[in-house]
Amino acid sequence: MRVVRVVVAVAVLSLLGLLVWDLAHGNGPGVAQKVDKGKVVAAPALNLPRLDADGHLSLAALRGKVVVVNFWESYCVPCKQEARGVAATARAWKDKGVVFVGVNAFDTKSAARAYLKRYGVDYANIRDGVGTTFGRWGVTGVPETFFVDRRGRVVPPHITGPASRAALEQGIRQALRS
Amino acid sequence: MRLLAAAAAALALAAPAGACTTHASQGSLETRLVCPSCHTTLDESDSEVAREMKAEVARRIAACQTESQILDAMVAEFGPTILSTPRTHGFDLLAWVLPLGGAALGAAALAVGARTWTRNRGDTGGPAAPAALGPEDERRVDEALARFDG
């Protein structure tokens, strides 16, 4: 009988521990929702395998530069609409301390790579197969674009839908000033 | 000579079909993989990515890969959540063992609890056994029965 009590107590405590852990590590509202309210928040970690090269790319390694983070997938029509403009903006700001990082999700590698080639996307792209980072960033659809300042903080604006060059440049300038 | 030519032709025709020693099943694989954007199995999804994944599976089957190799490749590309059910080996085995183990533990706890409860109930007496009738009561019962019979 004592053994049963111990087993039940351990089971209950384990479940309680799991609940506490889940509450402590839950996503909560994503970055997007906070940035849309005008807040400046620490950028969630991004450390994923490269889609366009070997190895991994970590957002933390880009500290000291303004980073434009663009979430996309190859089947999305608005992504295709913005792709060439985003690539052109990335090239225009390349030597001015601004780095573009594409985050591809919900794609096969072959389709994603074909997209990069087709739209002339030559900035760094990483791959988040099933969108595991979407929750922390608060991404609810693609494309979405964020601006990370030199101190690793996400600053407004946050662009949902296809990003125009003007909107990208405004976001970059805001991040550079931050 | 004619026989040899016929045999060579038969072999040439049979070659494509017999190229793979094992044949992975497209249908089976489509039930074991999920569409990453809509989270239903591939056979139930008609999304763009599901269609691309089906085509990828078909390409790999044509390249003579086994089901296991194809699943491994998909897991390498998308991560383990691309599988509709966890695998039955390695760390994923826990996903099967833990619920079954939990159910077995629960059943054992219930059995032990029920046994203990029944035993404790026996110790406190439970419903009392009918006491034997005294001589006076027996006499009255006999009288009543005699009146009933009469």
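**Close-up views of a predicted two-chain model**

**View 1. The contact between chain A and chain B.** Twelve residues from chain A and 17 residues from chain B make up the contact. The model shown here and in the views below is a predicted one. On the side of chain A that touches chain B, the elements that give two or more residues are helix H1 (2-25) and H4 of chain A. H1(A) gives the most to this side, with three residues. Sorted by character, the residues on the side of chain A that touches chain B are eight nonpolar, two polar and two charged.

**View 2. Strand E5 of chain A and its pairing with E4(A).** Strand E5 covers residues 98-105 of chain A, and seven of its eight residues are buried, so the strand is largely enclosed by the rest of the structure. Strand E4 (residues 66-72) of chain A pairs with E5(A) in the parallel sense, over seven bridges. Within this pairing, A:Val67 stands opposite A:Val99 in E5(A). Between the two strands, the chain passes from E4(A) through helix H3 (residues 77-93) of chain A to E5(A), a β-α-β crossover that is right-handed.

**View 3. The pairing of E5(A) with E6(A).** Strand E6 (residues 124-128) of chain A pairs with E5(A) in the parallel sense, here over five bridges. A:Ala105 has A:Asp128 in E6(A) as its bridge partner. The chain travels from E5(A) through helix H4 (residues 109-118) of chain A to E6(A), and this β-α-β crossover is right-handed. H4 of chain A is also among the elements that give two or more residues to the side of chain A that touches chain B.

**View 4. The largest nonpolar core and A:Val68.** The largest nonpolar core contains 59 residues, and those with the most contacts inside it are A:Val68, A:Phe147, A:Val148 and A:Val154. E4(A) gives the most to this core, with six residues. Leaving aside neighbours within four places in sequence, A:Val68 is in contact with A:Val98, A:Phe100, A:Thr145, A:Phe147, A:Leu168 and A:Ile172.

**View 5. The surroundings of A:Thr145.** A:Thr145 belongs to strand E7 (residues 144-148) of chain A. This residue counts as buried because 25 C-beta neighbours lie inside 10 Å, where the cut-off for a buried residue is 20 or more. Apart from neighbours within four places in sequence, A:Thr145 is in contact with A:Val68, A:Val69, A:Asn70, A:Ile159 and A:Ala163. A:Asn47 lies 98 residues from A:Thr145 along the chain, and the C-alpha atoms of the two are separated by 17 Å.

**View 6. The surroundings of A:Trp137.** A:Trp137 is found in helix H5 (residues 134-137) of chain A. With 24 C-beta neighbours inside 10 Å, A:Trp137 counts as buried. When residues up to four places away in sequence are not counted, A:Trp137 touches A:Gly30, A:Val31, A:Ala32, A:Pro44 and A:Phe146. A:Val101 is 36 residues from A:Trp137 in sequence, and the distance between them in space is 14 Å, C-alpha to C-alpha.

**View 7. The helices of chain B.** Chain B has six helices and zero strands, and its pattern along the sequence reads α-α-α-α-α-α. Of the 150 residues in chain B, 13% are buried. Among contacts in chain B between residues at least 6 apart in sequence, 44% join residues at least 24 apart.

Technical notes: Residues are numbered from 1 along each chain as its sequence is written. Chains are lettered from A and ligands numbered from 1 in the order in which they are written. This is a predicted model: local features need pLDDT of at least 70, side-chain atom pairs count only at pLDDT 80 or more; totals for chains, interfaces and linings use all residues. Helices (H or I, at least four residues) and strands (E, at least two) are DSSP runs, numbered from the N terminus. A residue is buried if 20 or more other C-beta atoms lie within 10 Å of its own, exposed if 12 or fewer, and partly exposed in between; C-beta atoms are placed from the backbone. Two residues are in contact if their C-beta atoms, placed from the backbone, lie within 7 Å. Two strands pair if DSSP finds at least two bridges between them. A crossover is right-handed if, with the strands pointing away from the viewer, the path from the first strand over the helix to the second runs clockwise. Ala, Val, Leu, Ile, Met, Phe, Trp, Tyr, Cys and Pro count as nonpolar, Asp, Glu, Lys and Arg as charged, and the others, Gly among them, as polar. A nonpolar core is a set of buried Ala, Val, Leu, Ile, Met, Phe, Trp, Tyr and Cys residues joined through C-beta atoms within 7 Å.
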